[in-house]
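The following exercises concern the protein chain shown below. Please attempt each task before reading its solution.

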Amino acid sequence: MAQIKCPTCDGTGWVEQLDADALDYLRRYPDVAASSFRTNPRAHYDQYGRDEGRTWGSAPTPPVPPGPPPPVGGEIRDFQRMADCDNPVSIYFSSCKVDGKMHFGAYGLQGAYTAKIIRYPHAPVQEFLAESVFDICEFKGSWYCSLEHGGYPDIDRGMVMRWNGSKWVEVFHHPSWILAFHLHVHGDHLYVTGSEWAPMHGGIWRTSNGVNWEQYAASDYTYWDMASGGTDLWTSGAYGGDYGPGCHPAVFRNRDLAWESDEQGAGFLGIATFRGKVYVGQAAPAKVIRINDNKTVVNLPTQGKIPKLIVDDRCNTLYAIGCVADEATRGAEVWKTTDGDKWSLALPPFSVPHLFHAYQDPADGT
């Protein structure tokens, strides 16, 4: 047995008997040694450490792969797979820093309606009786997430949850939507898109305080991602569903339908404003269209859809995030442009088939 003094006192306090593995755990993880688990580090490992990727005993601590380097005088040139975040039984639909640490919203592949929020690298934070945690974002110093099929089977509604510092609590569920999709901060409001299904009816709701919600727009269209362009709120969508038979793409400017394509079976998913223009990512077939002149600026024949567009303001670069066919095992791509016209592949095909979401850290640009 080894002795260890309380790490938070001057050496005159209590002394605890710990075995070599426990003492090694405290030395390896100073944050645990400074916590209430200092008297029982094994309890910390069993409750939290294993899920957080920590090790017990003589096994070496696995190195944490470095994140993508921050852009220095130019655009992001590298993407690194964070293998310690891999989850073989789920899909990550969303990501955001919550209380300073990356969190991921997961689809419930472990069983019907077992959506989760995961804290980096792989620690479960909370499980929801929902199909997926579709989006996560920050608004006025608080964090919110959207749920598909929330509360199923008792409620089965699109929901919005807020982080209260210890758990996610419901702040909104729609009276008839079963799906809540993207969250977006525009002006003084937080907006959420969503829809019913069969018959299709969607719209946008918003809140200025996270508590009181009001309907902003509604129609027989699917409303998907949102982007701000000056005082305007732009929303991608489609008639008849997100994409597939009977659908065609549409774009909304504030509450009104701004443009509708006659391309059948397709839908608009990702949307972004860049250099004063509005760009949408289409599904089936995958391409990027500039709405201002209705011009297809890039075709992605190897991809099936473009769920997300993201603007790197630091480097004046627009990225299109791609997905290949559902049955594929690799091949997703990211494309980039600095002027909206000339596009290039940001990285050769990824080792995964789907890239659903993108998040840029406002602190360091990664």
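**Exercise 1. A hairpin and its register**

Which residue in β24 is the bridge partner of K308? Determine also how the two strands are connected and how far β23 is enclosed.

Solution. The model is a predicted one.

Step 1. The bridge partner of K308 in β24 is I321.

Step 2. This pair belongs to a ladder in which β23 and β24 (residues 317-323) are joined antiparallel by six bridges. As a general point, strands of a sheet pair through backbone hydrogen bonds, in either the parallel or the antiparallel sense.

Step 3. The two strands form a hairpin, with four residues between them. In the turn, N316 has a positive phi of about 55°.

Step 4. Buried is taken here as under 20% relative accessible area. Seven of the eight residues of β23 are buried, and the strand is therefore largely enclosed by the rest of the structure.

**Exercise 2. A second hairpin**

Carry out the analysis for β11 and β12. Which residue between the strands takes a positive phi?

Solution.

Step 1. β11 and β12 (residues 189-196) run antiparallel and are joined by six bridges.

Step 2. Within this pairing, L179 has S195 of β12 as its bridge partner.

Step 3. The hairpin has two residues between its strands, and G187 takes the positive phi, near 60°.

Step 4. Because seven of the eight residues of β11 are buried, this strand is largely enclosed by the rest of the structure.

**Exercise 3. The second largest pocket**

Describe the lining of the second largest pocket. Which element gives the largest share of it?

Solution.

Step 1. The pocket has a volume of about 970 Å³.

Step 2. Its lining comprises 33 residues, and H184, I310, A358, Y359 and Q360 lie nearest the centre.

Step 3. The elements giving two or more residues to this lining are β3 (91-98), β7 (132-139), β11 (179-186), β15 (221-229), β19 (267-274) and β23 (305-312). Among them, β23 gives the largest share, five residues.

Step 4. Sorted by class, the lining has 16 nonpolar, eight polar and nine charged residues.

**Exercise 4. A four-stranded sheet**

In what order are the strands of the sheet that contains β19 and β22 arranged? Identify its edges.

Solution.

Step 1. The sheet is open, and its four strands follow the order β19-β20-β21-β22 with antiparallel pairing.

Step 2. The edge strands are β19 and β22 (295-299), each of which pairs on one side only.

Step 3. On average, neighbouring strands of the sheet are turned by 25° against each other, direction ignored.

Step 4. At the β22 edge, β21 (residues 287-290) is joined to β22 by four bridges. V288 there stands opposite V298.

**Exercise 5. Two helices in contact**

At what angle do helices α1 and α3 pack, and how far apart are their axes?

Solution.

Step 1. Helix α1 (residues 20-28) packs on helix α3 (residues 41-49) at an angle of about 65°, and the axes are 9 Å apart.

Step 2. From α1, the residues in contact are A22, Y25 and L26; they meet P41, H44, Y45 and G49 of α3.

Step 3. By class, this contact has five nonpolar, two polar and no charged residues.

**Exercise 6. The chain as a whole**

How many helices and strands does the protein chain have?

Solution.

Step 1. The chain has three helices and 26 strands.

Step 2. Of its 366 residues, 51% are buried.

Step 3. Of the contacts between residues at least 6 apart in sequence, 39% join residues at least 24 apart.

Conventions
Residues are numbered from 1 along each chain as its sequence is written. This is a predicted model: local features need pLDDT of at least 70, side-chain atom pairs count only at pLDDT 80 or more; totals for chains, interfaces and linings use all residues. Side-chain values use heavy atoms; hydrogens and water are left out. On a 1 Å grid over the protein atoms alone, a cavity is a set of points where a 1.4 Å probe fits but cannot get out, and a pocket is an open set with protein on both sides within 12 Å along at least five of seven lines; lining residues have an atom within 4 Å of a point. Grid points are joined across faces, edges and corners, and a volume is the space filled by probe spheres set on the points. Ala, Val, Leu, Ile, Met, Phe, Trp, Tyr, Cys and Pro count as nonpolar, Asp, Glu, Lys and Arg as charged, and the others, Gly among them, as polar. Two strands pair if DSSP finds at least two bridges between them. Axes are lines fitted to C-alpha atoms, for helices over the stretch in contact, and angles run from 0 to 180 degrees between N-to-C directions. Contact means heavy atoms within 4.5 Å. Buried means under 20% relative accessible area, exposed over 50%, partly exposed in between (1.4 Å probe, protein chains only).
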